[in-house]
Amino acid sequence: MTPRLRQALTGCAAVSLAVAAAAAPPGRSAAAEPCRRTVDVQPMVTAGERAGTLTFVVESGGCAAAGEVGYTVTAGSALPAADFALAGGVLRWAAGDTGERSIVARIADDQMREAALEDFTVRLTAAGGGVVVRHGTATGRILDDDGPDLGWAADDAVVPIVPMLGHGYFCPPPPPPPPRPPLTYVWQTGDGTAKAGVDYVAVAGRTQTVPAGATRVPFEVTLLPRPAGTPSRWFTVRIVAVSAGVVVDAEAVVTIDGP
């Protein structure tokens, strides 16, 4: 599933998604909907063990009425206590509050060689009729950084037809870092139900350099305007080569939500 390139380096990286939306033609507007608060959680977040924490960002939109959502946590290949610590809970918004909320898991740095990626799941549930959970399932992934290789992973994303920056994680080698050439990665897009030239501008074999000291590195894709009522659709971004290290998850699914 993933290309593998090895070099004697230590660290981890996950790639995020930056979206630049083209301007929509004048006169287009979405159909009127009932006034309800909408809540979305990032679908995937990756962090290295040395990060200590893994944070899910929960965004709120729509009508700014008072509301709340609960969340539950389910273990996967990552185990509670041994790999992470996170209990279920409730997120609340007062009337007029449109701010983000965070769900923060503590990550165990156990100094043991494990699977390259271990995961667990967080699910949101609406507590009342005034709140709609649009994207309520998120996967937390722990990237093992105890081995000799630099690891790369791409996170899935859900993006609206507005400029936004997704979330990713890059964990550099522990200090002092050994001398090394700049890290680069090559990536491209691929059609799913979203089509290049119709829904987004294709990218083929673009090479990018990781800036010195960077902790996040983006994919930048331009989305194209579509008529109101166009259903959600998706495309992929794939890491096709890296200058050093191991790609443990090369492909991210990007869902265009809307318009």
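These exercises work through one sheet and several salt bridges in a predicted model.

**Exercise 1. The sheet**

Work out in which order the five strands of the open sheet lie, and which strands stand at its edges.

Step 1. Read across the sheet. The order is β3-β11-β9-β5-β7. The sheet is open, and its pairing is mixed.

Step 2. Recall how strands join. Strands of a sheet pair through backbone hydrogen bonds, either parallel or antiparallel.

Step 3. Find the ends. β3 (44–48) and β7 (89–93) each have a single partner strand, so one side of each has no neighbour in the sheet. These two are the edge strands.

Step 4. Add the turn. On average, neighbouring strands of this sheet are turned by 25° against each other, direction ignored.

**Exercise 2. One strand pair**

Find how many bridges join β3 to β11, and which residue is the bridge partner of Gly 48.

Step 1. Locate β11. This strand covers residues 137–143.

Step 2. Count the links. Five bridges join β3 to β11, and the two strands run parallel.

Step 3. Pick out one bridge. Gly 48 has Leu 143 in β11 as its partner.

**Exercise 3. A salt bridge between buried residues**

Decide whether Asp 199 and Arg 233 are buried or exposed, and state which parts of the chain the pair ties together.

Step 1. Start with the principle. Side chains of opposite charge can pair when their charged atoms come close.

Step 2. Check the contact. Asp 199 and Arg 233 form a salt bridge, with 3.0 Å from N to O.

Step 3. Place both residues. Asp 199 sits in the loop between β16 (184–191) and β17 (206–209), while Arg 233 belongs to strand β19 (residues 233–242), so the salt bridge ties together parts 34 residues apart in sequence.

Step 4. Apply the cut-off. Buried means under 20% relative accessible area. Asp 199 has 2%, so this residue is buried. Arg 233 has 4%, so this residue is buried too.

**Exercise 4. Partly exposed partners**

Describe the salt bridge of Glu 251 and Arg 238, and the surroundings of Asp 97.

Step 1. Take the first pair. The side chains of Glu 251 and Arg 238 meet at 3.2 Å, N to O. Glu 251 lies in strand β21 (residues 251–256) and Arg 238 in strand β19, 13 residues apart.

Step 2. Judge exposure. Glu 251 is partly exposed at 31% relative accessible area. Arg 238 is partly exposed at 25%.

Step 3. Turn to Asp 97. Its closest N and O atoms with Arg 101 are 2.4 Å apart, in a salt bridge. Asp 97 is partly exposed, at 25%.

Notes. Residues numbered from 1 in each chain as written. Predicted model: local features only at pLDDT ≥ 70, side-chain atom pairs only at ≥ 80, totals over all residues. Heavy atoms only, no water. Pairing = 2+ DSSP bridges. Helix = DSSP H or I, 4+ residues; strand = E, 2+ residues; numbered from the N terminus. Axes fitted to C-alpha atoms, helices over the stretch in contact; angles between N-to-C directions. Salt bridge = Lys/Arg side-chain N within 4 Å of Asp/Glu carboxyl O. Buried < 20%, exposed > 50% of the residue type's maximum accessible area, 1.4 Å probe, protein only.
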